[in-house]
Amino acid sequence: MAKLFLGLDSSTQSLSAVVIDLDKQKVVYEKSLNFDRALPRFKTKNGVLPDRDPLVKHSRPLLWAAALDLLFAGMVEDRVPLRDVLAVSGSGQQHGSVYLNERAAARLAKLDPARSLEQNLRGVFSRATSPIWMDSSTTKQCGQIRKKLGGIRAAAEATGSDTFERFTGPQIRKFYQTEPAAYQATTDIALVSSFMASLLAGKIAPIDPGDGAGMNLMDIQTKTWHAEALKATAPGLARKLPPIAASGQAIGPVSSYFVEKYGLNAEALATVWTGDNPASVVGLGLVKPGMVAISLGTSDTFFGTMAECRTDAQGEGHVFGSPTGGYMTLICFKNGSLAREQVRETYGIKDWKAFAKVLATTKPDKNGGILLPWYEPEIVPRVNQPGLHRFDLAETDAAANCRAIFEAQMLSMRHHSQWMGVAPDCIYATGGASNDVALLQVMANVLNCTVRRIEIAKSAALGAALQAAHGWLVAAGQKPSWARLTKGFSDPVPGSEIRPQKPVVKVYDVLVKKFALCERAALDSL
Ligand code: XUL
């Protein structure tokens, strides 16, 4: 019998499955289901419900449950040998929360396979919708909690991050303040990850330290609920939160619902899920402290693993628990691909190949121009008033602006990741724009580090499948090595290595200082 493990990723726009064969070290199945297209009756756009307030971004837990049924039905149709699956784990979009009432636990324990999950779960929610990570309507609550915890630095030291609008604690506080009766009727609060794990396990599932750290409620040092943070958020909160347990830890056998309805093995383990970013750390094979990845997507993220917990006194970056033990950091820059595209389009450059040619007509310069590309409000640094800022850079100079956008994004990563104190041997680049060799060369030079490209489309679901395997091996009394487990699944693209060019590195050692001064000046001018 093959040793198969199933990883699921419940993200903003889709639910994905990856099945791995552990002995063959291979992905044997992958599939994604887009919420808007597969379940139009929930009326989401890009996975989000319409709302009159542009700051409010909610989705529906029943949509995620309905998607789980559809995905399992699809796996049966595709003849995935679900009987050979030994454990299931997963990851969810971070920060989003699900509110359950007193009927939930009993209903989860007796999911009826003759009905859909959606039908089984009707009436178990104390709030029909779930605020998700894109929501930014809780600035007031962030301020209140931050104040009670003693300011930015204290909040970051206590919970791993300053208070952020999308984080679960401020969202819970808003719910308590605006809908006190519904808050009162809430018996259990779940994250997207722990809600989905609860369906698989047929009982309220724990939250793991990876996703738990995205709540402003967990003590980042001890990985237990932080009493002061809970008190600062809402009354009676401790009773509504599940225990914290390691991601991948066995919860018990999967609910008989999935055995009877879809033929999952009755002995397959349901395990604790994590957040999509922590799962991606595993999926990309960042299993040793000091390993760093940069994902170049809609937003650019810089993340890596560290052995010890070091938090950001400026409150810009986040520290989460890593599924591999220890910690991971995450810095999220909102102006990623979109900003690069805006510059390209502004100067009428037709594609990235042409862009690279224009870029090559200029040279890195230690007194070079600086562009701060805040087309959208920025997360790092915090900027609420979007706008472009240019220093020693003529708007009409297309080539200089092409150089400046790539450099600014990489200089910003270098400048804002200094607090991590990580000097990586190699940076793993992933995401759409990581195909761009010109951009990766700037990355290697600015960050003075070799860059290798990893091409994995579903890194979170793959990480979840590997997490399921790890949890199953631990439950069987073994001590699996993460390095051995992930080997072969996430190897860099052969020949993709790009080395820093030493003379250019020296130029950027100077330019990064100018960048920091310009950024300060721009922030002060707002
Ligand atoms: C991380 C974050 C996003 C979501 C996306 O802090 O908000 O990356 O996890 O699903």
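Visitor: What follows α9, and what is its phi like?
Guide: Gly-202 comes right after α9. The phi of Gly-202 is positive, near 70°. Keep in mind that this is a predicted model.

Visitor: And α9 itself, how many of its residues are buried?
Guide: Helix α9 spans residues 192-201, and 10 of its 10 residues are buried. The helix is mostly covered.

Visitor: Which residues are those?
Guide: The buried residues in α9 are Val-192, Ser-193, Ser-194, Phe-195, Met-196, Ala-197, Ser-198, Leu-199, Leu-200 and Ala-201.

Visitor: New topic. Which residues surround the ligand?
Guide: Gln-93, Gln-94, His-95, Trp-133, Arg-166, Asp-276, Asn-277 and Leu-330 surround the ligand. By class, that shell has 2 nonpolar, 4 polar and 2 charged residues.

Visitor: How far is a ligand oxygen from the side chain of Asp-276?
Guide: An oxygen atom of the ligand lies 2.4 Å from an N or O atom in the Asp-276 side chain.

Visitor: What about Asn-277 and Gln-94?
Guide: For Asn-277, a ligand oxygen is 3.1 Å from a side-chain N or O atom. For Gln-94, the partner is a polar backbone atom, and a ligand oxygen is 3.1 Å from that atom.

Visitor: How much of the ligand does the protein bury?
Guide: The protein buries 91% of the 290 Å² that the ligand exposes when taken alone.

Visitor: On to charges. How many salt bridges are there?
Guide: The count comes to 17 salt bridges. Side chains of opposite charge can pair when their charged atoms come close.

Visitor: Which residue pairs with Lys-458?
Guide: Glu-30 does, through a side-chain salt bridge of 3.3 Å, N to O. The pair links distant parts of the chain, 428 residues apart. Lys-458 sits in the loop between β21 (450-453) and α19 (459-475). Glu-30 sits in strand β3, residues 26-34.

Visitor: Is Glu-30 buried, exposed or partly exposed, and at what relative accessibility?
Guide: Glu-30 counts as partly exposed because its relative accessibility is 43%.

Visitor: What does Arg-153 pair with?
Guide: Arg-153 meets Glu-157 in a salt bridge, 3.3 Å from N to O.

Visitor: Where do Arg-153 and Glu-157 sit in the helix?
Guide: Both are in helix α6, residues 152-159. They are 4 residues apart, so about one helical turn separates them. An α-helix has 3.6 residues a turn, so residues three or four places apart point the same way.

Visitor: How exposed are Arg-153 and Glu-157?
Guide: Arg-153 is exposed, at a relative accessible area of 51%. Glu-157 is partly exposed, at 42% relative accessibility.

Visitor: What about Lys-350, which residue forms a salt bridge with it?
Guide: Asp-351 does, and the closest N and O atoms are 4.0 Å apart. Lys-350 is exposed, with a relative accessible area of 70%. Asp-351 is partly exposed, at 29% relative accessibility.

Visitor: Which residues are linked in a network of salt bridges?
Guide: Arg-41, Glu-118 and Arg-122 are linked in such a network.

Visitor: Last one. Where is Cys-426 found?
Guide: Cys-426 is in strand β20, residues 426-430. Cys-426 counts as buried because its relative accessible area is 7%, and the cut-off is under 20%.

Visitor: What does Cys-426 touch?
Guide: Leaving out residues up to four places away in sequence, Cys-426 touches Val-292, Cys-449, Thr-450 and Arg-452. Cys-426 and Thr-450 are 24 residues apart in sequence, yet 4.9 Å apart in space, C-alpha to C-alpha.

How values were computed. Residues numbered from 1 in each chain as written. Predicted model: local features only at pLDDT ≥ 70, side-chain atom pairs only at ≥ 80, totals over all residues. Heavy atoms only, no water. Near = heavy atom within 4 Å. Polar contact = N/O pair within 3.5 Å; in protein donor to acceptor, adjacent residues only side chain to side chain. Areas by Shrake-Rupley, 256 points an atom, 1.4 Å probe, with all protein chains shown as cover. Nonpolar A, V, L, I, M, F, W, Y, C, P; charged D, E, K, R; others polar. Helix = DSSP H or I, 4+ residues; strand = E, 2+ residues; numbered from the N terminus. Buried < 20%, exposed > 50% of the residue type's maximum accessible area, 1.4 Å probe, protein only. Contact = heavy atoms within 4.5 Å.
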